[in-house]
Amino acid sequence: MAISTEIVGKEFGPFVREYTFKDLEIVALGCNAAFDGKTDLFYVNEKDANNPQLKVLPIFGVPLTVHEEMTLTLDYGYNYAGSLHFGFEINFHAPFKMADRIETFVTQEALYDRGEGRGSLSKQVGKSYSADGTHLCTVETWDVCIYDGGWGGEAPPKDIVEMPERAPDVEVFETMPLNMPLIYRLMGDWHQQHIDWSYTEQTGLDRPIAHAISYAGLVMRHAIASFFPEQPERMTRFKTRVTSPVIPGTDLVTRMWKVGDKEIRFQLCDADVAETGSKPHLNWGIIEWE
């Protein structure tokens, strides 16, 4: 099936998610909150199930747009087996409640051609609204479809984020548990590359890989704890590019540079990056807060 640009500019939805505090806890656990039973426990301790008082890990806004139903609905002729998350940006407009019925409307903003052997690049924008009509967040998400390049489309624009050329101001180390993808996938990303060993063996990987959004959520936890502890509601923007997969069990480090009063740049790397110079997993990251 050939790539079709007729989808560009069209809006789809609403994609509906009804949730309770349990879903907020699932997404936090899928980003390794409380990995030791106490670190960032406020994301998963509701205290009173009849009147839950959690702190919401802001990454919850991303799977409102980025999930299997959306990617299969916005079908422009790509090969789903080769679809990988390329990057995303989320802007927060209002806080999430402990329970809600959220409607998300997604527009196919653009389709770009990276060239033969490099795939196509798809840009979607999702806007999520609370049951009372409050605009909660806007997600700009990019997917690269590695089997679908060279169809003669427009080349993608440059997206340059300046990274400081100095040692990070803050580093936070954490090991990704082996079962982290099995928890995060409950948010609606059912792609077999995160659970099926035989599937990932075909791509040359030793085991299923983690969801990029889950390890972005891990970075969010580190940034919040380092710069505005226990106040995740202060986050206004999170942007990153996904530059390599993470294999569960990997020792990781979030490297953060303060570049303004309420802004950092970040990378997520292997813990031994200073010695090996290995490629980051997340790069060109920006976090802003109020």
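Ile-146 is partly exposed, at 35% relative accessible area (buried is under 20%, exposed over 50%, partly exposed in between, using a 1.4 Å probe and protein chains only). Ile-146 sits in the loop between S5 and strand S6 (170–175). With Leu-84 and Tyr-147, Ile-146 makes a nonpolar surface patch of about 260 Å² accessible area together. Patch members have over 30% relative accessible area and no salt bridge (Lys or Arg side-chain nitrogen within 4 Å of an Asp or Glu carboxyl oxygen), with nonpolar side chains joined within 5 Å and like charges within 9 Å; areas are Shrake-Rupley, 1.4 Å probe.

A word on the model: it's predicted, so local features need pLDDT of at least 70 and side-chain atom pairs 80 or more, while totals for chains, interfaces and linings use all residues. Numbering runs from 1 along each chain as its sequence is written, and side-chain values use heavy atoms, leaving out hydrogens and water.

Now the pockets (open sets of 1 Å grid points with protein on both sides within 12 Å along at least five of seven lines; lining residues have an atom within 4 Å of a point).

| Pocket | Volume | Lining classes |
|---|---|---|
| Largest | about 760 Å³ | 17 nonpolar, 13 polar, five charged |
| Second largest | about 410 Å³ | eight nonpolar, no polar, six charged |

Leu-84 turns up again in the largest pocket, being one of the lining residues nearest its centre, along with Ser-83, His-85, Gln-193 and Ile-209. S2 gives that lining its largest share, four residues. In the second largest pocket, Phe-86, Pro-157, Lys-158, Asp-159 and Arg-241 are closest to the centre, out of 14 lining residues.

Methods: 1 Å grid on protein atoms, 1.4 Å probe; cavity = no way out; pocket = protein on both sides within 12 Å on 5 of 7 lines; lining within 4 Å. Points joined across faces, edges and corners; volume = space filled by probe spheres on them. Helix = DSSP H or I, 4+ residues; strand = E, 2+ residues; numbered from the N terminus. Nonpolar A, V, L, I, M, F, W, Y, C, P; charged D, E, K, R; others polar.
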